[in-house]
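Ready to find your way around a new protein? Work through the exercises below, try each task yourself, and then check the steps.

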Amino acid sequence: MKTEKAERQDEKGTEGSRGAGPGRTGRRAREAVVRGIPVSAGIAIGPIYDTTDVPAEAPRRNIAPGEVEAERQRLAEAVALSRKQLGKLKNRLGVLPEEAQEELAPLLDAYVLMLGNSRLLRGARKRIEQELTAAETAVQDEAEAIAAAILAARDDDRAGLRRRADEVREIARRLTRNLTATPFRSLKEVPAGSILVAEELTPADAALLDPSRIAGVATEEGGADGHTAIMLRALGIPAVLGAQGLTESAARGDMAVLDGSAGTIVLRPGEKALAEGREALAAFARERARLGKLRRLPAVTTDGEEVELQANLEIPAELPLIQQSGAQGIGLLRTEFLFMNREDLPDEEAQVGAYAQVLEAMGGAPVTIRVLDWGGEKDMQALAEGIEPVHAGPNPALGLRGIRLLLKRPELLEAQFAAILRVAERGPVRILLPLVTTPEEVKQTREIYERVARRLRRRGVALPDKLPEIGAMIETPGAALAADAIALEADFFAIGTNDLAMYTLAVDRGEAEVAHLYDPLHPAVLRLVQFATEAALRLRMPVSVCGEMAGNPRLVPLLLGLGIRCLSMNASAIPRVKQAVRALDIADCARFARRVMEQSDPARIHELVLGFAEGAPEKA
Ligand code: PEP
Ligand code: MG
């Protein structure tokens, strides 16, 4: 993850728009390679659209006198967030060429100073109090007033004055972006075929991207298995996250070649790099066509063991891709999309429509609907600001997340259950509960579920005699180690290795700074997967893996060897995983898994997994 310092000189490289501020200086016409975490396969070649240059959408707004305190608080939070972002940018300067570092370091210091007891902030606070303007309006007005005063100064260094005025505007833009938290809503303006560059993209922002317009995405923040990465894979947009130093090196309009498998972004590519990019693009299309031929073949090992390969669904737009992928149903329907990017809650009718659409599209194949998993990085305005505010707390990943929130807000659960039950006659459906940690949570949830079913029956709604099954996600160490007790309450398990790895290793799955420590192959994670799988198998209870691990063909031998026979993954991963399954022998997998599970050094496990994958014969 570093900018290659030995950049190749490229006389033909283009200069993008230039101004002041991070993301605008330290750029050269030379080719440069920035490395990050490869999160979504594919090649994108196109101009950079740097969203840090996008003015945040902030219509002028006034507030009532009683809102002054809350507005001051919003401003204080945006200042704290901006300081944190600038601190991170500063920490990463080391990956940039020395020249750029020298240029940027004082600039970042100046920005941080402006976020202290500066004229900008004092003035903005005063405007909130005296003019009763919203924080973003106050910041913009004050920044414009300061910029105008700077430009009116009698000084012959006009360029210097313009630069200083731009610096004030830049910090105001950052504050506004953080205050409105809607930096990407205006992306309809992005020219088709662009590569979107941002410091950070939330899952809700990613859900708004149009894959037919956005060629690729690259961000400074983010991890391989965070929800933003998952969303980008779902949309099939080639993406590299955690690309540190990117926003300083890229400029709006620069050409770039992004490789979502290699995790590289070549900025201002020369002839050679462009030609290589075009060849890689064609090779990717050829490979996809080849894998497409596997669609109708069964996922059966060489010794005849059937493996169920299902798809994860983040947004309904994925349905055609899922249908083409040869998926045997949906193993994880993340219902968060219903709650994203809206200010109110979806009602029961809206949910019935969405679930019915999925069941219909799947034509009788099973669909596992997970009830709302709000929390962590998944910011949902409807819940955060809705009818009854939900406070995520200082540590959202450990707070009111998943089933905990739903049991506190049973009306959410009831609406979801009612909607799912109302479509239950239209196709085989199951219900999955997120972030379960105790058997009691499953028990309480089931009581609510049965109450909703009784109420629907009283209303004359036709329900199947046997209600859809309720399963538990096993995605915390607590749940994995209590799996035998949870298994007595649940009808099936789905092992969520993304959160399981995060909670086991105390590593945020979406945080670039600790991405090197995020490792689902860590023996602690694998032992928990094994423990939970065995608890289910002892009771002959269905168990699947639906974390991102399931979509990695290299990890299939290990998961099969541990006894897993159902894998649910991003639809585009299914052909490759099927190819891997069809080349494996279950007895070999079991021997291999035993060998892996004897190891306690993660590095050794990686070696073994790589060795097995390289040694295994490829067979379609
Ligand atoms: C997981 O945690 O592995 C999982 C599948 O759930 P999500 O990624 O939606 O948190
Ligand atoms: Mg999870």
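Two residues are in contact when they have heavy atoms within 4.5 Å of each other. Keep in mind that the model you are looking at is predicted.

**Exercise 1. Get an overview: how many helices and strands are there in the protein?**

Step 1. Go through the secondary structure, and you arrive at 23 helices and 16 strands.

Step 2. Now look at burial: the protein has 620 residues, and 56% of them count as buried.

Step 3. Finally, take the contacts with a separation of 6 or more: 71% of them are accounted for by residues 24 or more positions apart.

**Exercise 2. Find Arg61 and list what it touches beyond its neighbours within four places in sequence.**

Step 1. Look in the loop between strand 3 (43-50) and helix 1 (68-91); that's where Arg61 sits.

Step 2. Check its surface. Buried means under 20% relative accessible area and exposed means over 50%, and Arg61 has 35%, so it is partly exposed.

Step 3. Set aside the neighbours within four places in sequence, and Arg61 is in contact with Glu71, Arg74, Thr133, Ala134, Glu136 and Thr137.

Step 4. Try a C-alpha to C-alpha distance too: Arg61 and Ala138 are 77 residues apart in sequence, yet 9.2 Å apart in space.

**Exercise 3. Describe how helix 3 and helix 4 pack.**

Step 1. Two packed helices are described by the angle between their axes and the distance between the axes.

Step 2. For helix 3 (residues 119-131) and helix 4 (residues 135-151), the axes come within 8 Å and cross at roughly 130°. The two helices are therefore oblique to each other.

Step 3. What about the hand? Helix 3 passes helix 4 in a right-handed crossing.

Step 4. Pick out the residues that touch. Helix 3 brings Arg119, Leu120, Gly123, Ala124, Arg127 and Ile128, while helix 4 brings Ala135, Ala138, Val139, Asp141, Glu142, Ala143, Ala145, Ile146 and Ala149.

Step 5. Sort this contact by class, and you get ten nonpolar, one polar and four charged residues.

Step 6. Have a look at the loop between helix 3 and helix 4, where Leu132 lies. Leu132 isn't a glycine, but it has a positive phi of about 50°. With a relative accessible area of 23%, Leu132 is partly exposed.

**Exercise 4. Which residues coordinate the magnesium ion (ligand 2)?**

Step 1. Look for donor atoms around the ion: they come from Glu475 (OE) and Asp499 (OD), at 2.0 to 2.1 Å.

Step 2. Place the two along the chain. Glu475 is in the loop between strand 13 (470-474) and helix 16 (477-481), Asp499 is in helix 18, and the pair, 24 residues apart, links distant parts of the chain.

Step 3. Are these two buried or exposed? Both Glu475 and Asp499 are buried.

**Exercise 5. Which residues does Thr476 contact, leaving aside its neighbours within four places in sequence?**

Step 1. Start from the loop between strand 13 and helix 16, which is where Thr476 is found.

Step 2. Thr476 has 7% relative accessibility, so it counts as buried.

Step 3. Its contacts outside that sequence window are Leu435, Val436, Thr437, Leu500 and Tyr503.

Step 4. Follow up on Leu435, which lies in the loop between strand 12 (429-433) and helix 15. Leu435 is not a glycine, but has a positive phi of about 50°. A relative accessible area of 1% makes Leu435 buried.

**Exercise 6. At what angle do helix 18 and helix 19 pack?**

Step 1. Take helix 18 (residues 497-505) and helix 19 (residues 523-538): the angle is about 125°, and the axes are 9 Å apart. That makes helix 18 oblique to helix 19.

Step 2. The crossing of helix 18 and helix 19 is right-handed.

Step 3. On the helix 18 side, the contact is made by Thr497, Leu500, Ala501, Thr504 and Leu505; on the helix 19 side, by Ala524, Val525, Leu528 and Val529.

Step 4. Sort the residues of this contact, and you find seven nonpolar, two polar and no charged.

Methods
Residues are numbered from 1 along each chain as its sequence is written. Chains are lettered from A and ligands numbered from 1 in the order in which they are written. This is a predicted model: local features need pLDDT of at least 70, side-chain atom pairs count only at pLDDT 80 or more; totals for chains, interfaces and linings use all residues. Side-chain values use heavy atoms; hydrogens and water are left out. Axes are lines fitted to C-alpha atoms, for helices over the stretch in contact, and angles run from 0 to 180 degrees between N-to-C directions. Helices (H or I, at least four residues) and strands (E, at least two) are DSSP runs, numbered from the N terminus. Angles under 35 degrees count as roughly parallel, over 145 as roughly antiparallel, 65 to 115 as roughly perpendicular and the rest as oblique. A crossing is left-handed if the near helix is turned anticlockwise from the far one by less than a right angle, and right-handed if clockwise. Ala, Val, Leu, Ile, Met, Phe, Trp, Tyr, Cys and Pro count as nonpolar, Asp, Glu, Lys and Arg as charged, and the others, Gly among them, as polar. Donors are N, O and S atoms within 2.8 Å of the metal (3.2 Å for Na, K and Ca); water is not among the atoms, so sites may look incomplete. Buried means under 20% relative accessible area, exposed over 50%, partly exposed in between (1.4 Å probe, protein chains only).
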